[in-house]
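User: I would like to learn how to read a model like this one, feature by feature. Where should I begin?

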Amino acid sequence: KQQLDPMPVTRGKAKGKGKGKGGKGKAVGGKQVSRSQRAGLQFPVGRIARKMRQGGYSSRIGGGAPVYLASVMEYLTAELLELAGNAAKDNKKQRITPRHIMLAVKNDDELSTLLRNVTISAAGVLPNIHSNLLPAKKKKDQKKAGDASQEF
């Protein structure tokens with residue numbers, strides 16, 4: 001005859017053992033809330049976490065790392081889009097072009113430092129004329145002295 005084991009072996013997660021999440025669990029019929037929504041972000045935290053795992057950067061990635069990275073990426077994007085929008089508005093344009101992004105980056109000290117080795121395609125160059133190429137300014141004193149020598 002077989003004897004029944006008083007503690008049956010369970011596969012997977014054993015209830016009440018080890019470190020578990022506290023609380024009562026999900027309410028019945030509750031909607032799923034994404035990690036982006038929980039963090040109040042627009043950037044996809046789950047996708048960034050997946051890319052971090054697949055990228056081979058580390059064998060283990062903490063739960064807060066993709067949230068932090070998503071928030072930094074969202075902040076930088078918002079900052080860049082705001083400055084590029086201002087550049088487009090200065091040029092009386094409705095759309096942001098690569099030129100406006102480049103002008104925004106080059107005119108901001110911190111973004112310029114961050115993106116100093118980046119080339120933006122179809123953006124052109126900053127408007128700059130070397131001072132030696134500009135026509136020499138005429139001084140008023142020389143003009144008057146020249147006029148006096150011509151008179152008889």
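Analyst: Begin with the order of elements along the sequence. This is a predicted model, and its protein chain reads α-α-α-α-α-α.

User: How many helices and how many strands does that make in the protein chain?

Analyst: The count is six helices and zero strands.

User: What does the general geometry of a helix tell me when I look at its faces?

Analyst: An α-helix has 3.6 residues a turn, so residues three or four places apart point the same way. Keep that in mind when reading the patches below.

User: How much of the protein chain is buried?

Analyst: Of the 152 residues in the protein chain, 12% are buried. The chain exposes about 14400 Å², and carbon and sulfur atoms supply 53% of that area.

User: What share of the contacts joins residues 24 or more positions apart?

Analyst: Take the contacts in the protein chain with a separation of 6 or more: residues 24 or more positions apart account for 36% of them.

User: Which residues of helix H4 are buried?

Analyst: Helix H4 spans residues 98-107, and His100, Met102, Leu103, Ala104 and Val105 are buried there. Their cover includes H3 and helix H5, the latter at 109-114.

User: Now the surface. Which residues form the nonpolar patch?

Analyst: The nonpolar patch consists of Tyr68, Val72, Tyr75, Leu76 and Leu114. Together these residues have about 530 Å² of accessible area. Helix H3, residues 65-90, gives the most to this patch, with four residues.

User: Why can Leu76 count as a surface residue, and how exposed is it?

Analyst: A patch residue needs over 30% relative accessible area. Leu76, which lies in helix H3, is partly exposed at 34%, so it passes that cut-off.

User: Which residues make up the positive surface patch?

Analyst: Arg35, Arg38, Arg47, Arg50, Lys51 and Arg53 form it. Helix H1 (35-39) and helix H2 (45-54) each supply at least two residues of the positive patch. H2 gives the most, with four residues.

User: Where is Arg35, and how exposed is it?

Analyst: Arg35 is in helix H1. Its relative accessible area is 36%, so Arg35 is classed as partly exposed.

User: How should I put these readings side by side?

Analyst: Sort them by helix. H1 and H2 each supply residues to the positive patch, H3 gives the most to the nonpolar patch, and H4 holds buried residues, including Met102 and Leu103. H3 also appears in the cover of the buried residues of H4.

Notes: Residues are numbered from 1 along each chain as its sequence is written. This is a predicted model: local features need pLDDT of at least 70, side-chain atom pairs count only at pLDDT 80 or more; totals for chains, interfaces and linings use all residues. Side-chain values use heavy atoms; hydrogens and water are left out. Buried means under 20% relative accessible area, exposed over 50%, partly exposed in between (1.4 Å probe, protein chains only). Contact means heavy atoms within 4.5 Å. Accessible areas come from the Shrake-Rupley method with a 1.4 Å probe; for residues, only the protein chains shown count as cover. Patches are made of residues with over 30% relative accessible area and no salt bridge: like charges are joined within 9 Å, nonpolar side chains (Val, Leu, Ile, Met, Phe, Trp, Tyr) within 5 Å. A salt bridge is a side-chain nitrogen of Lys or Arg within 4 Å of a carboxyl oxygen of Asp or Glu. Lys and Arg count as positive and Asp and Glu as negative; His and the chain ends are not counted. The place of a charge is taken as NZ of Lys, CZ of Arg, CG of Asp or CD of Glu.
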